[in-house]
Amino acid sequence: LEEKKKIHKLYSILREETFFKMVAAEKTGKKVKDVKDLQFKETLNVGQQVKNLSYDSDRMYKSSVDSELGLLGMEGNDWFGVVDMASKREVWKLDRKTGDWRA
């Protein structure tokens, strides 16, 4: 009996979640897009297009883009750098071994 109650509650939650997603999509007028429907295009090839990049290894571990500011943050072994995507130049870097940073 307890199992049946738990399953019923989970089913109820799933139904409500689907309903709220549908209502939210109607209010915004946007259809929820599937990732498979998106088309990606290369905006910046750091290895070929960025001038005077101070990172000398071939491995990056993390990166993120702030599309409003047009900045790309990248993290390597002991290095962190920021690239301006419009000018394709490194604008800030931090060497974690020495603690030196430059703008």
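Which residue takes a positive phi in the hairpin of S1 and S2? That residue is Gly70, with a phi near 75°, in a hairpin that has four residues between the strands. The model is a predicted one, in which local features need pLDDT of at least 70 and side-chain atom pairs count only at pLDDT 80 or more, while totals for chains, interfaces and linings use all residues. Residues are numbered from 1 along each chain as its sequence is written, and side-chain values use heavy atoms, with hydrogens and water left out.

On confidence first: pLDDT is the predictor's own confidence in each residue, on a scale from 0 to 100. The chain averages 79, and 87% of its residues get to 70 or more. Among the elements, helix H1 (residues 2–28) sits at the bottom with a mean pLDDT of 75, and strand S2 (residues 71–75) comes out highest at 90.

Two helices and five strands make up the elements of the chain; these are DSSP runs numbered from the N terminus, with helices being H or I of at least four residues and strands being E of at least two. Read from the N terminus, the order is α-α-β-β-β-β-β. Buried residues account for 15% of the 103 residues, where buried means under 20% relative accessible area, exposed means over 50%, and partly exposed is in between (1.4 Å probe, protein chains only). The accessible surface is about 9,300 Å², and 53% of that belongs to carbon and sulfur atoms; areas come from the Shrake-Rupley method with a 1.4 Å probe, and for residues only the protein chains shown count as cover.

Now the sheet. The five strands form an open sheet in the order S1-S2-S3-S4-S5, with antiparallel pairing; two strands pair if DSSP finds at least two bridges between them. Strand S1 (62–66) and strand S5 (101–102) are the edge strands, each pairing on one side only. S1 is joined to S2 by five bridges, and Val65 stands opposite Leu72 across that pairing. S2 and S3 are also joined by five bridges, with a hairpin of three residues leading from S2 to S3. Here Met74 faces Gly81 in S3, and Gly81 in turn stands opposite Lys93 in S4. Between S3 (residues 79–84) and S4 (residues 89–95) there are six bridges, and the two run antiparallel.

What about aromatic pairs? The count comes to one. Phe80 and Trp92 form that pair, edge-to-face at 6.2 Å centre to centre with 65° between the planes. The rule takes rings of Phe, Tyr and Trp (its six-membered ring) with centres within 6.5 Å; planes under 30 degrees apart count as stacked, over 60 as edge-to-face and the rest as tilted. The pair links distant parts of the chain, twelve residues apart, from S3 to S4. Phe80 counts as partly exposed because its relative accessibility is 25%, and Trp92 does so at 28%.

Back at the edge of the sheet, Lys62 lies in strand S1. Lys62 counts as exposed because its relative accessible area is 54%. Leaving aside neighbours within four places in sequence, Lys62 is in contact (heavy atoms within 4.5 Å) with Gly73, Met74 and Glu75. The C-alpha atoms of Lys62 and Phe80 are 9.4 Å apart, with their positions 18 residues apart along the chain. Across the chain, 23% of contacts between residues at least 6 apart in sequence join residues at least 24 apart.
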